[in-house]
Amino acid sequence: MSEIDNQPNLLNQALVDFLDLYGPGEADRNAAIDLLSEIIPRHMLASGDSRFGLDWRKKTEVFDFLKRPILGALSPTYVSTTDSSARHLALKGDNLEIMKILEKGYFGKIKMIYMNPPFNIGGELIFDDSDGYLDRYESYISDSGSPLNNVSIDAGASHSKWLNAQYPRLFLARNLLRNDGVIFVSIDDHEFHHLRMIMDEIFGEENFVASFIWEKRYSPPPDTKDVGYVHENVLCYRRSDEFQAGLLPMTDAQSGRYKNPDRDPRGPWKAADYTCRYTAKERPNLYYEITQPNTGERRFPKKTRVWACSESEHIKNVEEGRLWWGKDETNPVPAKKKYLFEIRQGAMPKTILEHDVVGHTDEATKELREHVPNLKLSGKPSRLIKHLLSIANAGNNDIVLDCHAGTGATVEAIFSLESEGENAPQFILIEFPQWLPEFDGHLFDALENRIESCRSKYKREDDCVKYLHLKRSNFRVWRGKVGAESEVSEQLELHVQHVSPESTSEELLIELISKAGFSLTTEVERIELIGKQVFSIEGGAMLICLEKEITSDLIDALAEAEPLQVICLDEAFQNNDQLKANAVQTFKARAQTEESEIVFKTV
Ligand SMILES: C[S@@+](CC[C@H](N)C(=O)[O-])C[C@H]1O[C@@H](n2cnc3c(N)ncnc32)[C@H](O)[C@@H]1O
């Protein structure tokens with residue numbers, strides 16, 4: 001029987017961990033809540049009917065979508081799976097199924113998530129996540145250009161339908177975020193108020209960071225009737241209070257205010273007031289006498305406006321030569337030099353994102369045309385995404401997930417940062433292969449064009465992107481509801497032959513890697529053991545053997561390599577139960593203690 005785990009949510013694992021720790025008899029409610037709160041927002045675990053929140057028709061469907069087994073898998077499109085140099089990922093398919101797949105390898109690992117979902121204004125793709133979703137997806141991609149069943153492309157979806165689409169995706173996003181991670185969601189006034197309520201519910205009100213207002217236009221749209229809408233919101237929530245907003249790089253105008261008239265070797269500086277708004281009565285310690293070093297004049301501050309620092313700090317400022325007494329050095333009151341190098345960390349982010357700082361939609365269109373001239377769409381300007389990356393504090397060792405990558409503004413932002421020598425994070429993009437008749441291609445093709453064009457524009461040729469697409473799992477999944485008896489026997493048979501015969505080893509490999517909880521860019525090496533090919537994952541932590549026939553010599557060789565985990569094909573044992581039992585014993589016997597046992601699985 002295959003031991004492949006198609007369970008999407010980590011709820012089962014949390015319950016198993018809990019029962020391992022406490023046993024069913026001695027259940028400790030608080031301990032259970034602690035464990036579960038890793039995957040379920042803590043306030044949702046609170047008992048009672050007094051919970052405040054938004055309700056809508058068929059809200060419970062959301063939890064069905066989250067609970068059901070994963071039917072899909074990611075399959076390599078190009079850039080070989082064994083090419084471990086690829087740092088970035090571009091994933092084609094429905095983002096709900098893909099986020100569920102990502103959950104195993106990326107739980108609590110993403111530093112920043114950006115979502116730019118459809119705004120529910122009509123003419124957008126809103127995928128129907130109800131049962132049969134994968135069949136619908138497959139029929140759509142195999143018949144490009146046909147209208148996608150159950151996808152509202154023309155009219156706006158009802159609020160309930162829209163919320164049912166966003167809720168599970170946000171729920172998974174929370175699981176993917178690191179404790180110091182943050183999520184930004186672009187939205188306009190059609191669903192802003194609903195989105196804020198469900199984000200409060202999922203992330204907790206205490207984790208609301210800001211509702212940024214992005215000035216997306218420099219003038220009102222021509223068809224404006226009453227009020228000229230020139231903005232969009234970006235809702236921002238943190239995963240926990242471990243998140244700390246980053247400071248923004250200073251603009252040229254800001255740094256231009258720092259000058260160096262006295263050729264100070266410490267570089268440009270700006271004069272800061274040496275007095276403050278307190279009176280001598282309010283701050284007696286700031287009321288003291290100082291000496292003008294060039295005229296010898298001694299003076300107290302005004303009684304209504306005392307010095308800005310204590311006397312000991314003043315002495316330090318004098319010793320460090322931080323005081324500016326004017327061009328001819330005879331000013332009676334000094335100014336303190338604030339050096340540019342000291343405030344290099346930058347400026348504090350503000351809730352208003354002005355178009356001259358972060359760009360507007362026209363700028364986004366121009367940027368996109370440069371890479372994909374025949375695409376009549378507009379996305380976000382890359383300066384906006386760069387701004388969000390700075391607020392998120394996302395750097396070199398971090399991962400950023402864009403769940404609605406669209407035309408690829410995130411790619412442009414990250415590659416251009418890298419080319420400027422900045423610390424840029426790794427990206428994971430998800431986009432649906434939505435058919436665009438005027439482009440005569442899929443939106444994902446346009447995204448791919450932009451990625452490749454940006455790689456050459458920003459000279460990122462060495463920075464490989466691994467392209468994967470959603471397809472049906474390579475392992476047959478036991479369907480939950482089986483009706484007639486004949487169906488039952490068909491299912492049983494399928495289960496015996498549980499690896500799809502059409503699957504390639506590359507496809508099996510990537511699915512097993514992700515199901516085992518490794519990242520999709522993890523290091524994979526082909527090695528040989530007694531003349532047979534074996535895949536070594538992350539420096540030998542896991543060995544995957546996809547040989548169709550296994551021998552006891554190969555089992556011994558696998559055990560001798562001392563991995564933490566071994567996965568082999570079930571069919572490789574050719575129904576030889578004795579050989580399988582021996583394999584179990586061999587891997588067990590290797591261990592000195594129970595904890596160091598090699599985990600052995602067949603699929
Ligand atoms: C508002 S657009 C995003 C634009 C993008 N930020 C840009 O700069 O081009 C929303 C995107 O979500 C994508 N989308 C909608 N439903 C999806 C789903 N179920 N899975 C993946 N992508 C989806 C659409 O194809 C569309 O590109």
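Before I turn to the ligand, let me fix the classes I will use: Ala, Val, Leu, Ile, Met, Phe, Trp, Tyr, Cys and Pro count as nonpolar, Asp, Glu, Lys and Arg as charged, and the others, with Gly among them, as polar. Please also keep in mind that what you see is a predicted model.

With those classes in hand, the shell around the ligand divides into 7 nonpolar, 7 polar and 3 charged residues. Altogether 17 residues surround the ligand, and the closest of them are Asn95, Gly379, His404, Gly406 and Thr407.

Let me step back to the chain as a whole. The protein chain has 603 residues, of which 35% count as buried, and its secondary structure comprises 18 helices and 22 strands. If we take the contacts with a separation of 6 or more, 74% of them are between residues 24 or more positions apart.

Now to the interior. In soluble globular proteins, nonpolar side chains tend to be buried together. Here the largest nonpolar core contains 118 residues, and the members that touch the most others are Leu91, Met112, Ile113, Leu176, Ile183, Leu429 and Ile544. Helix 6, which covers residues 159-176, provides the largest share of this core, with 9 residues. Because domain 2 (87-249 + 353-472) and domain 4 (485-602) both give residues to this core, it lies between them. To look at one member more carefully, methionine 112, once its neighbours within four places in sequence are left aside, is in contact with Gly181, Val182, Leu389, Ala392, Ala394 and Val400.

Next, the strands. There is an open sheet of 10 strands with mixed pairing, and its order is 1-17-2-14-13-3-4-6-5-12. Strand 1 (72-78) and strand 12 (352-353) stand at the edges, and each has a single partner strand, so one side of each is left without a neighbour in the sheet. For strand 12, the pairing with strand 5 (residues 208-215) is parallel and consists of 2 bridges; within it, isoleucine 213 has isoleucine 352 of strand 12 as its bridge partner.

I will finish with a single residue, glutamate 311, which is found in helix 9 (residues 311-319). Is glutamate 311 buried or exposed? The answer falls in between: the cut-offs are 20 or more other C-beta atoms within 10 Å for buried and 12 or fewer for exposed, and glutamate 311 has 14 C-beta neighbours inside 10 Å, so it counts as partly exposed. Its C-alpha atom is separated by 8.5 Å from that of tyrosine 287, although the two residues are 24 residues apart along the chain.

Key
Residues numbered from 1 in each chain as written. Predicted model: local features only at pLDDT ≥ 70, side-chain atom pairs only at ≥ 80, totals over all residues. Near = placed C-beta within 6 Å. Core = buried A, V, L, I, M, F, W, Y, C linked by C-beta atoms within 7 Å. Helix = DSSP H or I, 4+ residues; strand = E, 2+ residues; numbered from the N terminus. Domains from an automatic or database assignment. Contact = placed C-beta atoms within 7 Å. Pairing = 2+ DSSP bridges.
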